[in-house]
Amino acid sequence: MFDPDRLLSIYNPDTGELAATKPVERHLADLRGCFADPAAYASALAVGNPLLYRVASVEPAAGEGDLHYGVGCLMPGKIGDEYFMTRGHLHAQRPAAEFYFGLNGEGVMLLEDETTSESLMVPLRPRHAVYVPGHTAHRTMNTGTVPLIYLGVYPARAGHDYGALAQRNFRYVVVERAGRPIMLERHPS
Ligand code: ZN
């Protein structure tokens with residue numbers, strides 16, 4: 001039997017939230033070790049612990065073939081010259097892909113192949129659909145001045161793995177140079 005409460009969610013374009021879902025919030029203190037400039041991170045944290053992002057997830061079912069989705073809202077700002085970003089993750093089930101669609105604001109996604117660490121920065125903004133293949137670490141950065149809001153859709157069984165990246169972080173850092181985002185190698189050889 002169809003249950004409309006389970007099958008319909010209403011997106012609020014003003015807040016970036018989905019009705020009847022409780023978003024998960026991540027603040028600056030939750031992203032210890034993610035930003036490249038530890039001094040800039042410490043001095044930002046000394047002033048306050050701002051909200052970096054919120055994700056409202058909808059999990060209607062959890063079986064084989066089911067989908068989960070979420071709306072992320074990532075605040076504008078920088079730590080040093082590195083943009084506010086999400087922690088980033090791999091899927092616990094590595095072959096699971098994900099689809100992102102920009103709803104508001106301006107940002108980029110950093111994709112990194114888990115095996116080769118080949119990396120790509122792709123724009124995430126309204127009218128842009130991004131396909132994240134399986135076995136790919138992904139992280140989102142807000143490069144604009146208003147909240148970046150986006151939809152993500154993924155297999156219900158994908159799961160999230162933050163551990164692998166907490167150890168080594170992404171190979172590239174996305175920073176602002178002359179008003180634009182560029183990728184820099186974290187540990188140039
Ligand atoms: Zn994902």
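## Geometry of the zinc site

The four donor atoms around the zinc ion subtend angles of 87 to 161°, so their arrangement is irregular. A tetrahedral assignment would require all angles to lie between 85 and 135 degrees. For comparison, the ideal angle for four tetrahedral donors at a metal is 109.5 degrees. The structure described here is a predicted model.

## Residues that hold the zinc ion

Which residues coordinate the zinc ion? Three histidines and one glutamate do so: His 89, His 91 and His 138, each through NE2, and Glu 98 through OE. These contacts span 2.0 to 2.3 Å.

Along the sequence, the donor residues follow the spacing H-x1-H-x6-E-x39-H. Glu 98 and His 138 link distant parts of the chain, since they lie 40 residues apart. Glu 98 belongs to strand 8 (residues 98-104), whereas His 138 belongs to strand 12 (residues 136-142). Both Glu 98 and His 138 are buried.

## The sheet that contains strand 12

Strand 12, which supplies His 138, is also part of an open sheet of three strands in the order 10-9-12, with antiparallel pairing. Strand 10 (119-124) and strand 12 stand at the edges; each has a single partner strand, so one side of each lacks a neighbour in the sheet. From one strand to the next, the twist averages 20°.

How many bridges join strand 9 to strand 12? Seven bridges connect strand 9 (residues 107-113) with strand 12, and the two run antiparallel. Within this part of the structure, Met 109 stands opposite Thr 140 in strand 12.

Methods:
Residues numbered from 1 in each chain as written. Predicted model: local features only at pLDDT ≥ 70, side-chain atom pairs only at ≥ 80, totals over all residues. Heavy atoms only, no water. Donors = N, O, S within 2.8 Å, 3.2 Å for Na, K, Ca; no water. Tetrahedral: all angles 85-135°; square planar, octahedral: opposite > 155°, others 65-115°. Helix = DSSP H or I, 4+ residues; strand = E, 2+ residues; numbered from the N terminus. Buried < 20%, exposed > 50% of the residue type's maximum accessible area, 1.4 Å probe, protein only. Pairing = 2+ DSSP bridges. Axes fitted to C-alpha atoms, helices over the stretch in contact; angles between N-to-C directions.
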